[in-house]
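Me: I have a structure open and want a quick walk through it. Can we go topic by topic?
Reply: Sure, put it up and ask away.

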Amino acid sequence: MTDLRGPLVGAAAIVVRDGRVLLGERQGAHGAGQWAFPGGKVDAGEDSAATVARELAEETGLVATAVRPVAWTTDLFPADGLHYVTLHHAVDVAPGEPRVLEPDKCRGWGWFGWDALPAPLFAPVANLAAQGWRP
């Protein structure tokens with residue numbers, strides 16, 4: 001696994017509404033066609049909670065009102081030569097519906113029951129579920 005670049009740090013927003021989590025279908029980057037939480041790479045000098053709030057607003061238009069760290073995962077993407085550590089955060093949001101604000105990065109958003117997640121899942125979501133985490 002020495003051909004991997006990283007570890008890089010990612011941050012994910014877990015938004016739960018009516019018992020369902022928000023996931024988007026990725027496109028245009030590693031994990032294209034896979035379902036993922038909103039989120040992205042933590043910028044140098046940026047707090048991961050700030051990353052989550054920023055990425056959530058940029059990707060969905062939703063505004064975070066509270067951000068709490070809940071878990072982390074180690075995520076390997078051998079086909080892309082990447083190794084990420086993803087910091088997962090539970091996020092409360094102001095009222096509103098998610099919108100596709102970056103159509104080159106996300107095909108669409110949906111709400112899914114934790115026991116009925118779509119496939120295929122992006123590695124950070126799959127690894128979080130494999131750890132036994134539940135919303």
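Me: Let's start with aromatics. How many aromatic pairs does a search of the whole structure find?
Reply: Five. Keep in mind that this is a predicted model.

Me: What does the pair of Trp35 and Phe112 look like?
Reply: Edge-to-face. The ring centres are 5.2 Å apart, with 70° between the planes. This pair links distant parts of the chain, since Trp35 is in strand E3 (residues 35-36) and Phe112 is in strand E7. They are 77 residues apart.

Me: Trp35 and Phe112, buried or exposed?
Reply: Buried. Trp35 has a relative accessible area of 16%, so it falls under the 20% cut-off. Phe112 has 19%, so it is buried too.

Me: And how is the pair of Trp114 and Trp133 arranged?
Reply: That pair is edge-to-face, 5.5 Å centre to centre and 80° between the planes. It also joins distant parts of the chain: Trp114 is in the loop between E7 and H2, and Trp133 is in the segment after H2. The separation is 19 residues. Both Trp114 and Trp133 are buried.

Me: Which residue forms one aromatic cluster with Trp114 and Trp133?
Reply: Phe37.

Me: Changing topic. How much space lies in the largest pocket?
Reply: About 550 Å³. The lining has 30 residues, and those closest to the centre are Arg26, Gly39, Gly40, Glu59 and Phe122.

Me: What is the lining like, by residue class?
Reply: It divides into 15 nonpolar, eight polar and seven charged residues.

Me: Which elements supply at least two residues each?
Reply: Two helices are on the list, H1 (48-60) and H2 (123-130). The strands are E1 (5-17), E2 (20-26), E4 (39-41), E6 (82-93) and E7 (106-113).

Me: Back to Arg26 for a second. Where does its charged end sit?
Reply: Over the ring of Phe122, 4.0 Å from the ring centre.

Me: Now H2. Which of its residues are buried?
Reply: Ala123, Pro124, Val125 and Leu128.

Me: What do those buried residues pack against?
Reply: Strands E1, E2, E3, E5 (64-77) and E6.

Me: What does Gly132 do just after H2?
Reply: Gly132 takes a positive phi of about 95°.

Me: Histidines next. Where is His30?
Reply: In the loop between E2 and E3. His30 has 18% relative accessibility, so it counts as buried with the cut-off at 20%.

Me: What does His30 touch, leaving out residues up to four places away in sequence?
Reply: Phe77, Asp80, Leu82, Tyr84 and Phe122. Phe122 came up before, as the ring under the charged end of Arg26.

Me: And His83, where is that one?
Reply: In strand E6. Its relative accessible area is 19%, so His83 is buried as well.

Me: What are its contacts, with the same sequence neighbours left out?
Reply: His83 touches Leu4, Arg5, Gly6, Pro7 and Leu8. It also touches Thr74, Asp75 and Leu76.

Me: Last one, Val70. Which strand is it in?
Reply: Strand E5.

Me: Why does Val70 count as partly exposed?
Reply: Because its relative accessibility is 34%, and partly exposed runs between 20% and 50%.

Me: What is Val70 in contact with, beyond four places in sequence?
Reply: Ile14, His88, His89, Ala90 and Trp133. Take His88: it is 18 residues from Val70 in sequence, and the two are 5.8 Å apart, C-alpha to C-alpha.

Notes: Residues are numbered from 1 along each chain as its sequence is written. This is a predicted model: local features need pLDDT of at least 70, side-chain atom pairs count only at pLDDT 80 or more; totals for chains, interfaces and linings use all residues. Side-chain values use heavy atoms; hydrogens and water are left out. On a 1 Å grid over the protein atoms alone, a cavity is a set of points where a 1.4 Å probe fits but cannot get out, and a pocket is an open set with protein on both sides within 12 Å along at least five of seven lines; lining residues have an atom within 4 Å of a point. Grid points are joined across faces, edges and corners, and a volume is the space filled by probe spheres set on the points. Helices (H or I, at least four residues) and strands (E, at least two) are DSSP runs, numbered from the N terminus. Ala, Val, Leu, Ile, Met, Phe, Trp, Tyr, Cys and Pro count as nonpolar, Asp, Glu, Lys and Arg as charged, and the others, Gly among them, as polar. Rings of Phe, Tyr and Trp (its six-membered ring) pair if their centres lie within 6.5 Å; planes under 30 degrees apart count as stacked, over 60 as edge-to-face and the rest as tilted. Buried means under 20% relative accessible area, exposed over 50%, partly exposed in between (1.4 Å probe, protein chains only). A charge sits over a ring if NZ of Lys or CZ of Arg is within 6 Å of the ring centre and within 35 degrees of the ring normal. Contact means heavy atoms within 4.5 Å.
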